[in-house]
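Thanks, everyone. I have one structure to show today, and I will keep it short. Please have a look at it first.

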Amino acid sequence: MNSKTAAPPASQHTMRVHRLLLEWFATHKRDMPWRRTRDPFAILVSEFMLQQTQVARVTPKYEVFMTRFPTIEALAAASVSEVLKAWSGLGYNMRSIRLHRVAQEVVKSFGGTIPSAPDDLRKLPGIGAYSAAAVACFAFAAQMPTIDVNVRRVVGRVLFGIESPSVKEMDQAATDLLPTGKARDWNLALMDLGATVCTAKRPHCFECPLRDGCVAAPEFESPLRQVAESTVTYKAKQPFRESNRYYRGRIVEALRHVPDDGVPLARLGPTVKDGFKNRDLPWLKKLVDGLAKDGLVFVIESGNDPASEGDITVSLPGG
Ligand code: SF4
């Protein structure tokens, strides 16, 4: 036996955690269309969609998107405008641009076959450590952890308590905790527990299968903490409807419904912002320029005066 590479034997506590969580998962797992397949393209699409969007919102959009682009070749061959239209309703439109670029790169450099090795996956544009691990594990059965913010939270609470150590230590702990040969179920179980029971603000420790061995559970259940939490006042955030991200999304959404040759900036304004006035044109132009820089829109300046917003036409990008 090679003592340098062999994993240390799991402790009684670790084995108990494995058993309890996997038993819980067997009866509480969430059904999602991308969990019913091992198709790496379908899993890749779902991972991009899920990056910042809730499962309930992703599910119907995923079905439509996969019908429109059933293969990576179909997605790679589509125009940016077609991809943006199929992404409608999901928000964070840059993700669709990155996914499209990944599809084109896979077709160009890998002959249309999504690589199975995490290191190769990470070379693709827009694929980080988590997405590479998720595709490798869920599509190719790689025995590796898929560590995202939810998984870190659950593992951190169970092993270390409310005050977690550094991300590096957490990731090492999550890697060490992986049960042999059960990576897929284990990773999904941690995600489901994090989404439904061990939630960020108020974990439901009384419903949790890991409560008995969890370092954080007594801390969360302490009466002193509950009193302190009930008096916490949360800092007001800028309302989403006033943010640039909101208006960027509105612009792309409006362009999904105009002819391919676009719309003048001045006509776009009132569909994006209630009470839009001509004095808002420089603000709108700035947003549109940012979107153009990210490859989300196409801008044509037709007049002689580059500073004149009145001569600008905006559309979704073509190819
Ligand atoms: S017992 Fe509470 S803190 Fe611990 S894993 Fe379960 S829900 Fe999270």
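D192 is buried, with a relative accessible area of 0%. Bear in mind that this is a predicted model. The residue belongs to helix α11, which covers residues 183-196.

What is D192 in contact with, once its neighbours within four places in sequence are left aside? The partners are W24, F25, H28, K29, R30, M32, R35 and V197. For a distance to V151: the two residues are 41 positions apart in sequence, and their C-alpha atoms are 9.3 Å apart.

Next, the ligand. Where does the ligand sit? The space it takes is the largest cavity. Two elements, α9 (149-160) and α12 (217-221), give two or more residues each to the shell around the ligand. The residues around the ligand are R157, V158, C198, P203, C205, C208, R211, C214, A217 and F220. Sorted by class, that shell has 8 nonpolar residues, 2 charged ones and no polar ones.

Last, the sheet. It is open and built from 3 strands, in the order β1-β3-β2, with antiparallel pairing. Why do β1 and β2 each have one side without a neighbour in the sheet? Both β1 (263-264) and β2 (298-301) stand at the edges and have a single partner strand each, so one side of each is left without a neighbour. The pairing of β1 with β3, residues 312-315, is antiparallel and runs over 2 bridges. One residue to look at there is V263, whose bridge partner in β3 is V314.

That is what I have; questions are welcome.

Note on methods
Residues are numbered from 1 along each chain as its sequence is written. This is a predicted model: local features need pLDDT of at least 70, side-chain atom pairs count only at pLDDT 80 or more; totals for chains, interfaces and linings use all residues. Side-chain values use heavy atoms; hydrogens and water are left out. A residue is near a molecule or strand if one of its heavy atoms lies within 4 Å of it. On a 1 Å grid over the protein atoms alone, a cavity is a set of points where a 1.4 Å probe fits but cannot get out, and a pocket is an open set with protein on both sides within 12 Å along at least five of seven lines; lining residues have an atom within 4 Å of a point. A molecule sits in a cavity or pocket if more than half of its atoms lie within 2 Å of its grid points. Helices (H or I, at least four residues) and strands (E, at least two) are DSSP runs, numbered from the N terminus. Ala, Val, Leu, Ile, Met, Phe, Trp, Tyr, Cys and Pro count as nonpolar, Asp, Glu, Lys and Arg as charged, and the others, Gly among them, as polar. Buried means under 20% relative accessible area, exposed over 50%, partly exposed in between (1.4 Å probe, protein chains only). Contact means heavy atoms within 4.5 Å. Two strands pair if DSSP finds at least two bridges between them.
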